[in-house]
Amino acid sequence: MKPTIGIPDNDLKEVATLLNILLADEYVLFTKTRNAHWNITGLSFYEMHKLFQSQYEAMDIMIDDIAERVRSLGHFALGSLKDFLTVTNLSEGKDDFSSSEQMIQSLLNDHETIIRMIRNDIIPISDKYKDLGTADFVTGLMEQHEKISWMLRSSVYYVETETESGKTAIN
Ligand SMILES: [Fe+2]
């Protein structure tokens, strides 16, 4: 049964497509963050290991919420790794995970890509498709990514500061 929630079918479809692309991006970044959680090494291992865990746990909730939002709009959520890799804006396999600093920078780049993408989507979702519920929802997701990005950025700065002061670099 189609939702009759005051948004034309075609507009619901367009919004669901944007959400499915976001779902794919979140899933790819969730996996990269688990990779970092498992494989980071160095003096800050335990702090970063825990930080990455808190971030992938937050993204796990975001992923579920995005998929269920797609269903709430009357469409099906993507649910296979193949589909995620087909539509994602993020690349997998080209990341430089050769040092802790590169690992953090790579994750930061992806969070910032998602932030820019959501920011671009908010205007058509609210103004063109009149889906204020989804506009509000993705704005909240963007804010979560902005906070995660701040923490990653601050972690990179810490590594740089430590290196400049002549102490052992974290890698
Ligand atoms: Fe773990």
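**Notes on a five-helix model**

1. Let's start in a loop. Asparagine 89 sits in the loop between α3 (81-87) and α4. This is a predicted model, so please read each point below as a description of a prediction. Is asparagine 89 buried, exposed or partly exposed? It has 14 other C-beta atoms within 10 Å, and therefore counts as partly exposed, since the buried class begins at 20 and the exposed class ends at 12. Leaving out neighbours within four places in sequence, its contacts are Ile21, Asp25, Thr113 and Met117. Valine 28 is 61 residues away from asparagine 89 in sequence, yet the two C-alpha atoms are 9.4 Å apart.

2. Aspartate 95 shares that setting: it too lies in the loop between α3 and α4. Aspartate 95 counts as partly exposed because it has 18 C-beta neighbours inside 10 Å. Setting aside residues within four places in sequence, aspartate 95 is in contact with Lys32 and Ser106. From aspartate 95 to glutamine 105 the step is 10 residues in sequence and 9.6 Å in space, C-alpha to C-alpha.

3. Now for the overall picture. The protein has five helices and zero strands, giving the pattern α-α-α-α-α along the sequence. Its C-alpha atoms fill a box of roughly 65 × 30 × 25 Å along the principal axes. Of the 171 residues, 32% are buried. Among contacts with a separation of 6 or more, 75% join residues 24 or more positions apart.

4. Helix α3 offers a good residue to click on. Phenylalanine 84 is found in this helix and counts as buried because 22 C-beta neighbours lie inside 10 Å. Not counting residues up to four places away in sequence, phenylalanine 84 touches Ala24, Tyr27, Val28 and Leu78. The C-alpha atoms of phenylalanine 84 and isoleucine 21 are 7.7 Å apart, although 63 residues separate them along the chain.

5. Next, the nonpolar interior. Which residues of the largest nonpolar core touch the most other members? They are Val15, Leu19, Leu23 and Ile66, out of 27 residues in that core. Two or more residues come from each of α1 (9-39), α2 (45-72), α4 and α5 (132-164). The largest share, 11 residues, is that of α1. A second, separate core has nine residues, including Ala36, Ile40, Ile148 and Leu152.

6. Valine 15 deserves a look of its own. Apart from residues up to four places away in sequence, valine 15 touches Leu73, Ile125, Tyr129, Asp131 and Thr134.

7. Helix α2 passes a simple length check. At 1.5 Å a residue, its 28 residues should span 40 Å, and its end C-alpha atoms are 40 Å apart, so the two values agree. The buried residues in α2 are Met48, Phe52, Gln55, Met59, Met62, Ile63, Ile66, Arg69 and Val70. An α-helix has 3.6 residues a turn, so residues three or four places apart point the same way. After α2 comes glycine 74, with a positive phi near 90°.

8. Helix α4 (residues 100-128) can be checked likewise. What span should its 29 residues have at 1.5 Å a residue? The expected value is 42 Å, and the end C-alpha atoms are 42 Å apart, so expectation and model agree. The helix does bend, by about 25° at aspartate 121, with proline 124 following within four residues. Buried residues of α4 include Met103, Leu107, His111, Ile114, Ile118 and Ile125. Aspartate 121, where the bend falls, is also one of the buried residues of α4.

9. Just after α4, have a look at the backbone of lysine 130. This residue lies in the loop between α4 and α5. Its phi is positive, about 55°, although lysine 130 is not a glycine. Lysine 130 has 14 C-beta neighbours inside 10 Å, so it counts as partly exposed.

10. Last, the start of the chain. Isoleucine 5 lies in the segment before α1. Why does isoleucine 5 count as exposed? It has 11 C-beta neighbours inside 10 Å, and a residue with 12 or fewer is classed as exposed. The C-alpha atoms of isoleucine 5 and valine 156 are separated by 45 Å, with their positions 151 residues apart along the chain.

Technical notes. Residues are numbered from 1 along each chain as its sequence is written. This is a predicted model: local features need pLDDT of at least 70, side-chain atom pairs count only at pLDDT 80 or more; totals for chains, interfaces and linings use all residues. The expected span of a helix is 1.5 Å times one less than its number of residues. The bend at a residue is the angle between axes fitted to the seven residues ending there and the seven starting there. A nonpolar core is a set of buried Ala, Val, Leu, Ile, Met, Phe, Trp, Tyr and Cys residues joined through C-beta atoms within 7 Å. Two residues are in contact if their C-beta atoms, placed from the backbone, lie within 7 Å.
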